[in-house]
Amino acid sequence: MSAPDRSSRERAFSFVGRVMITPVLPRPRLRRLVQLYVGLVLFGLSGALLVHAELGAMPWDVLHQGLSHQTGLSIGTWSVIVGFLLMLLWIPLRQRPGLGTVSNVIVVGMSVDLFLWLLPETDSLVVRAFLLALGVVTCAVATGCYIGAGLGPGPRDGIMTGLAERGLSVRLARTLIEVTVVISGFLLGGTVGVGTLVFALSIGPLAQVFLPLFRVSGPFPEAATRPAR
């Protein structure tokens, strides 16, 4: 290998190291990794609980559920597919993924399918209401865990922050995205109901309670304060 080729390769590895290693895994590494993956599994559980309650899913799962009805692929599979497609939109928006971003795409989708398979069937409205409440609280705990880990935003919120950096307010960007997602999912056959409304109204205040409890001290990437899905 010629000297110029070696130099180019070394610069490439140096760039990858700066982008994907140093910012992605600040200390304490073990705690951040544990929190990240516990949070993502819990997020999958929360999504499964809301879907299983059949009282209205969280906004993005309304879309995944609708796509599942139309194609026969599972909700978790569509969560993974949509997550990867959204990451492609990060390119023109100049958003940078982290370990948490890629992990979010894979782990949440797999966890949703796993817990939907494990949860027993129920026709009791009381039990379904309990599953709804438990799903919302679990999602808030999950949000505190993986945002507290500070290892990168989820693919869906990367779109929101990318649009915000181009002039839209965060509130407007999130509202436009989630309204579009819910309407699209509903038209495809996803479940919209009281659970969707309860989730939308309560997840912010509840997440704010758990965020300080799980925030890892130390240097945080810029995306650490953003929701990870």
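**Why these labels apply**

Modeller: Arginine 174 and glutamate 178 lie 4 residues apart in helix α8 (residues 170-188), so about one helical turn separates them. A helix here is a DSSP run of H or I with at least four residues; a strand is a run of E with at least two; both are numbered from the N terminus.

Biologist: What makes arginine 174 and glutamate 178 a salt bridge?

Modeller: The rule asks for a side-chain nitrogen of Lys or Arg within 4 Å of a carboxyl oxygen of Asp or Glu. In this pair the closest N and O atoms are 3.2 Å apart. The distance is within the cut-off, so the pair counts.

Biologist: What should I know about the model itself?

Modeller: It is predicted, and local features need pLDDT of at least 70, side-chain atom pairs count only at pLDDT 80 or more, while totals for chains, interfaces and linings use all residues. Residues are numbered from 1 along each chain as its sequence is written, and side-chain values use heavy atoms, leaving out hydrogens and water.

Biologist: How many salt bridges are there by this rule?

Modeller: The count comes to 2. Arginine 166 and glutamate 165 meet in one, at 4.0 Å from N to O.

Biologist: Why is arginine 166 called partly exposed?

Modeller: Buried means under 20% relative accessible area, exposed means over 50%, and partly exposed lies in between (1.4 Å probe, protein chains only). Arginine 166 has 43%, so it is partly exposed. Glutamate 165, at 46%, falls in that class too. Arginine 174 has 29%, which also makes it partly exposed.

Biologist: Why is tryptophan 117 called exposed?

Modeller: Its relative accessible area is 67%. That is over the cut-off, so tryptophan 117 is exposed. Tryptophan 117 sits in helix α5 (residues 99-118). Its C-alpha atom is 9.9 Å from that of histidine 52, 65 residues away along the chain.

Biologist: Why is cysteine 139 called buried?

Modeller: Cysteine 139 has a relative accessible area of 1%, which puts it in the buried class. Cysteine 145, at 6%, is buried as well. The structure holds 0 disulfides (pairs of cysteine sulfur atoms within 2.5 Å).

Biologist: Why does isoleucine 81 count as partly exposed?

Modeller: Its relative accessibility is 31%, so it lies between the two cut-offs. Isoleucine 81 is in helix α4 (residues 75-93). With Leu73, Leu85, Leu88 and Ile91 it makes a nonpolar surface patch of about 460 Å². Patch residues need over 30% relative accessible area and no salt bridge; nonpolar side chains (Val, Leu, Ile, Met, Phe, Trp, Tyr) are joined within 5 Å, like charges within 9 Å. Areas come from the Shrake-Rupley method with a 1.4 Å probe, and for residues only the protein chains shown count as cover.

Biologist: How many helices and strands does the protein chain have?

Modeller: The protein chain has 9 helices and 0 strands. Of its 229 residues, 48% count as buried. Contacts are heavy atoms within 4.5 Å. Among those between residues at least 6 apart in sequence, 83% join residues at least 24 apart.

Biologist: Which elements have the lowest and the highest mean pLDDT?

Modeller: pLDDT is the predictor's confidence in each residue, from 0 to 100. Helix α1 (residues 3-20) has the lowest mean, 42, and helix α3 (residues 59-71) the highest, 96. Over residues 3-24 the pLDDT is below 50, and this stretch has 14 contacts beyond near neighbours in sequence. Where pLDDT is low, the predicted coordinates should not be read in detail.
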